[in-house]
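Let's take a friendly walk through some side-chain pairings, beginning with charged groups and ending with aromatic rings. Please keep the model open beside the text as you read.

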Amino acid sequence: MMKIKNLAALGLMAIMAGCATAPEHVSAEAGERIRKVGIVSLIGDEFTRSYVGITVFGNEYHRQDVVEWGLDREYETQLANAVRELPAMTAVTTNIDRPAFAKLDSRSNPPAWEGIEQAVRQHCAANGLDGILVVAKVGGRGVGVSVSRQQSIRALYVSAQLALYDCSTGKVAASNWLVAGPPKGAFGNKVQIPSMELPESWPVDGEWQAGTYKEAHAQLIMLPRPAWGYTLRQLLTSM
């Protein structure tokens with residue numbers, strides 16, 4: 001039976017070595033101004049499954065459209081609730097022009113945040129906001145499964161970065177990984193993205209039946225819940 005040696009060693013975490021283009025923590029000056037924020041999630045439209053076998057001939061990659069799961073709206077609600085636990089910030093419910101925000105190119109690490117600055121400015125003006133928290137995919141992945149026989153990994157994950165846009169500039173004031181806790185590893189450099197070991201009943205390769213996707217959907221609703229508050233506190237340490 002294949003076990004995960006360390007979820008922080010998840011193969012997809014190699015993409016996390018990229019250099020950030022925005023501060024990891026909001027400045028004190030921006031923190032004084034950014035009080036009323038909107039919430040936008042851009043990670044829950046597609047479910048990906050990657051399988052890396054012993055040789056390249058056994059590798060598989062699957063994509064499944066899961067817009068109907070409503071994960072982005074669920075994550076927006078969870079993040080808004082986490083914001084409301086903060087003493088200095090208020091989250092408001094707004095109508096979102098999702099096609100405009102979908103222009104964000106999230107194939108890179110970090111995401112190309114500048115690609116939605118116009119959408120941010122328009123959303124800020126339309127809703128009287130001070131800032132917008134945007135949850136984005138990294139390296140083109142948001143929610144999915146990673147299996148590697150070589151590294152003894154079989155995990156369901158949520159891979160994302162959280163950015164706070166400043167409405168006064170339309171630009172990112174700070175961005176950081178969505179994480180479930182402090183870094184782990186020998187040098188404290190293994191990011192703890194929200195993840196869990198796959199149940200033994202879930203196939204690691206091949207096609208999935210509807211019942212397995214239903215179980216994954218339920219787990220993905222619960223998986224990032226502890227991460228929102230922790231990540232916010234890291235992002236907003238100066239507030």
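In this predicted model, Arg33 and Asp166 form a salt bridge, with 2.6 Å between the closest N and O atoms. Arg33 belongs to helix 1 and Asp166 to strand 8 (residues 160-166), so this pair ties together parts that are 133 residues apart in sequence.

How exposed or buried are the two partners? Arg33 counts as partly exposed because its relative accessibility is 33%, which falls between the 20% and 50% limits. Asp166, with a relative accessible area of 4%, is buried, because that value is under 20%.

**Around Asp166**

It is worth pausing at this acidic residue. Which residues is Asp166 in contact with, leaving aside its neighbours within four places in sequence? The list is Ala30, Arg33, Ile34, Asp130, Lys171 and Ala173. So the salt-bridge partner Arg33 appears among the contacts of Asp166, and Asp130, another entry in that list, is there too.

**Charged pairs at helix 1**

Now turn to helix 1 itself, which spans residues 28-33. Glu29 and Arg33 both lie in this helix, 4 residues apart, or about one turn. Their side chains meet in a salt bridge, at 2.7 Å from N to O. Glu29 has a relative accessibility of 48% and therefore counts as partly exposed, since the limit for exposed is over 50%.

Arg33 thus has a bridge to Glu29 as well as one to Asp166. Glu29, Arg33 and Asp166 are linked in a network of salt bridges.

Another charged pair is Arg35 with Glu32, whose side chains meet in a salt bridge at 3.5 Å, N to O. Arg35 is partly exposed, with a relative accessible area of 29%, whereas Glu32 is exposed, at 59%.

The table sets these three bridges side by side.

| Salt bridge | N to O distance |
|---|---|
| Arg33 and Asp166 | 2.6 Å |
| Glu29 and Arg33 | 2.7 Å |
| Arg35 and Glu32 | 3.5 Å |

How many salt bridges does the structure hold? The total is 11, and the table shows some of them, including Glu29 with Arg33.

**Aromatic pairs around Phe47**

From charges we move on to rings. A search of the whole structure finds 7 aromatic pairs. One of them joins Phe47 and Trp208: the ring centres are 5.7 Å apart and the planes meet at 45°, so the pair is tilted. This pair links distant parts of the chain, 161 residues apart, with Phe47 in strand 2 (residues 46-52) and Trp208 in the loop between strand 10 (195-197) and helix 5 (210-222). Both rings belong to buried residues: the relative accessible area is 1% for Phe47 and 6% for Trp208.

Phe47 also pairs with Tyr213, and this time the arrangement is edge-to-face, with 5.9 Å centre to centre and 75° between the planes. Since Phe47 lies in strand 2 and Tyr213 in helix 5, the pair ties together parts that are 166 residues apart in sequence. Phe47 and Tyr213 are both buried.

Which residues do the ring pairs link into a cluster? They are Phe47, Trp69, Trp202, Trp208 and Tyr213.

How values were computed: Residues numbered from 1 in each chain as written. Predicted model: local features only at pLDDT ≥ 70, side-chain atom pairs only at ≥ 80, totals over all residues. Heavy atoms only, no water. Salt bridge = Lys/Arg side-chain N within 4 Å of Asp/Glu carboxyl O. Helix = DSSP H or I, 4+ residues; strand = E, 2+ residues; numbered from the N terminus. Buried < 20%, exposed > 50% of the residue type's maximum accessible area, 1.4 Å probe, protein only. Contact = heavy atoms within 4.5 Å. Phe/Tyr/Trp six-rings, centres within 6.5 Å; stacked < 30°, edge-to-face > 60°.
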